[in-house]
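Here are my notes on the model you sent, arranged as numbered points. Please read them alongside the sequence and the coordinates.

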Amino acid sequence: MALLTGKTALITGGSSGIGLMTAKRFAAEGARVAITGRRGDLVKKATAEIGQGAMGIVGDVSDTAHHDHVATQIAATFGGLDIYMANAGIITIRPSFDVNEEEYDAQFAVNARGTFFGVQKMLPAMRDGGSIILTGSLASEKVLDGHAVYAGSKAAMGAFARVWAIELKSRRIRVNVLSPGPTDTDIVNKLGVPADKLEEFEAGMAAAIPLGRFGRPEELAEAALFLASDASSFITGINLRVDGGMALL
Ligand code: NAD
């Protein structure tokens with residue numbers, strides 16, 4: 001039997017990269033999936049690719065009213081939610097003392113605030129026994145040049161997950177962090193690294209990964225499936241790194 005038969009799942013930032021691959025994986029395991037994203041054209045294309053009656057909702061996770069809208073849509077269309085993956089995220093790499101207020105606020109607004117209020121607003125529609133997955137980042141545990149603001153905003157995932165795992169225990173809702181190391185998605189092109197320095201940057205990152213390469217979105221989707229499904233039914237409050245061993249060096 002498929003691992004998510006009869007389950008419903010919502011993935012924020014699900015129109016590309018890790019989120020889209022996870023949405024496809026969940027759908028292949030029998031889940032009814034909804035994704036959110038900022039661009040209507042990309043959400044529509046991704047929803048068609050996922051198939052299986054997938055639903056797309058357009059909006060910005062840094063806008064709390066968007067989360068109210070998503071919760072209403074989910075309750076009306078799915079009747080309730082079993083799996084919430086707070087995955088939308090942005091990054092700007094910049095030496096700390098060159099970071100401006102706009103870059104700082106944007107990363108915290110999407111990565112931390114977007115996750116916090118997304119989960120808060122969805123909780124009434126979540127079914128007891130559900131699974132919440134927060135996409136963190138290995139960057140929050142490593143000393144990486146120019147990553148201070150991003151790392152700070154992603155460190156919130158660990159704090160949220162630990163507190164929520166306890167606050168939601170009476171509803172048997174499990175809350176875990178999925179922390180990717182460098183993974184081959186479009187976000188790598190949005191890092192703010194000049195195009196002519198990107199190859200060098202990527203080679204430097206790969207050299208710092210014991211398994212010698214970037215992760216693939218499929219590998220993150222597999223780990224998300226583990227956290228979403230009953231395969232991890234006794235696991236809550238953890239940080240699951242999928243990083244090729246990068247945390248060790
Ligand atoms: P991606 O750029 O393909 O995915 C990020 C998604 O978030 C996109 O679909 C984007 O449209 C969406 N998004 C961004 N801002 C949004 C907003 N304000 N409202 C709604 N949606 C928004 O890259 P990805 O690598 O698949 O990233 C997925 C998650 O993984 C992110 O949280 C990212 O920080 C995290 N992560 C990625 C890596 C990596 O190397 N790729 C490493 C560690 C953590």
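1. I begin with the ligand, bearing in mind throughout that this is a predicted model. Helix 1 (17–28) and strand 2 (32–37) each contribute at least two residues to the shell around the ligand, and helix 1 gives the most, with 3 residues.

2. The shell as a whole consists of 27 residues, of which G13, G17, G89, T185 and I187 are the closest to the ligand. Sorted by class, the shell holds 15 polar, 9 nonpolar and 3 charged residues.

3. The sheet is an open one, built from 7 strands in the order 3-2-1-4-5-6-7 with parallel pairing. At its edges lie strand 3 (55–58) and strand 7 (239–242), each of which pairs on one side only, and the twist from one strand to the next averages 20 degrees.

4. Within this sheet, strand 4 (residues 81–86) and strand 5 (residues 126–135) are paired in the parallel sense over 5 bridges, and M85 is found opposite I133 in strand 5. Helix 7 (residues 217–228) packs on the sheet, where it touches strand 1 (8–11), strand 4, strand 5, strand 6 (174–180) and strand 7. The direction of helix 7 makes about 170 degrees with that of strand 6.

5. Helix 7 also packs against helix 1, at an angle of about 55 degrees and with the two axes 8 Å apart. Because angles from 35 to 65 degrees fall outside the parallel and perpendicular ranges, helix 1 and helix 7 are therefore oblique to each other. The crossing in which helix 1 passes helix 7 is right-handed.

6. Which residues make this contact between helix 1 and helix 7? From helix 1 come G17, I18, M21, T22, R25 and F26, while helix 7 supplies P217, E218, L220, A221, A224, L225 and A228. By class, the residues of this contact divide into 9 nonpolar, 2 polar and 2 charged. G17 deserves a second look, since G17 of helix 1 takes part in this contact and is also among the residues closest to the ligand.

7. A further helix pair is formed by helix 3 (residues 64–78) and helix 4 (residues 101–122), whose axes come within 9 Å and cross at roughly 35 degrees. Their crossing is right-handed. On the helix 3 side, T64, H67, D68 and A71 meet F117, G118, K121 and M122 of helix 4, and the residues of this contact comprise 3 nonpolar, 3 polar and 2 charged.

How values were computed: Residues are numbered from 1 along each chain as its sequence is written. This is a predicted model: local features need pLDDT of at least 70, side-chain atom pairs count only at pLDDT 80 or more; totals for chains, interfaces and linings use all residues. Axes are lines fitted to C-alpha atoms, for helices over the stretch in contact, and angles run from 0 to 180 degrees between N-to-C directions. Helices (H or I, at least four residues) and strands (E, at least two) are DSSP runs, numbered from the N terminus. A crossing is left-handed if the near helix is turned anticlockwise from the far one by less than a right angle, and right-handed if clockwise. Two residues are in contact if their C-beta atoms, placed from the backbone, lie within 7 Å. Ala, Val, Leu, Ile, Met, Phe, Trp, Tyr, Cys and Pro count as nonpolar, Asp, Glu, Lys and Arg as charged, and the others, Gly among them, as polar. A residue is near a molecule or strand if its C-beta atom, placed from the backbone, lies within 6 Å of it. Two strands pair if DSSP finds at least two bridges between them. Angles under 35 degrees count as roughly parallel, over 145 as roughly antiparallel, 65 to 115 as roughly perpendicular and the rest as oblique.
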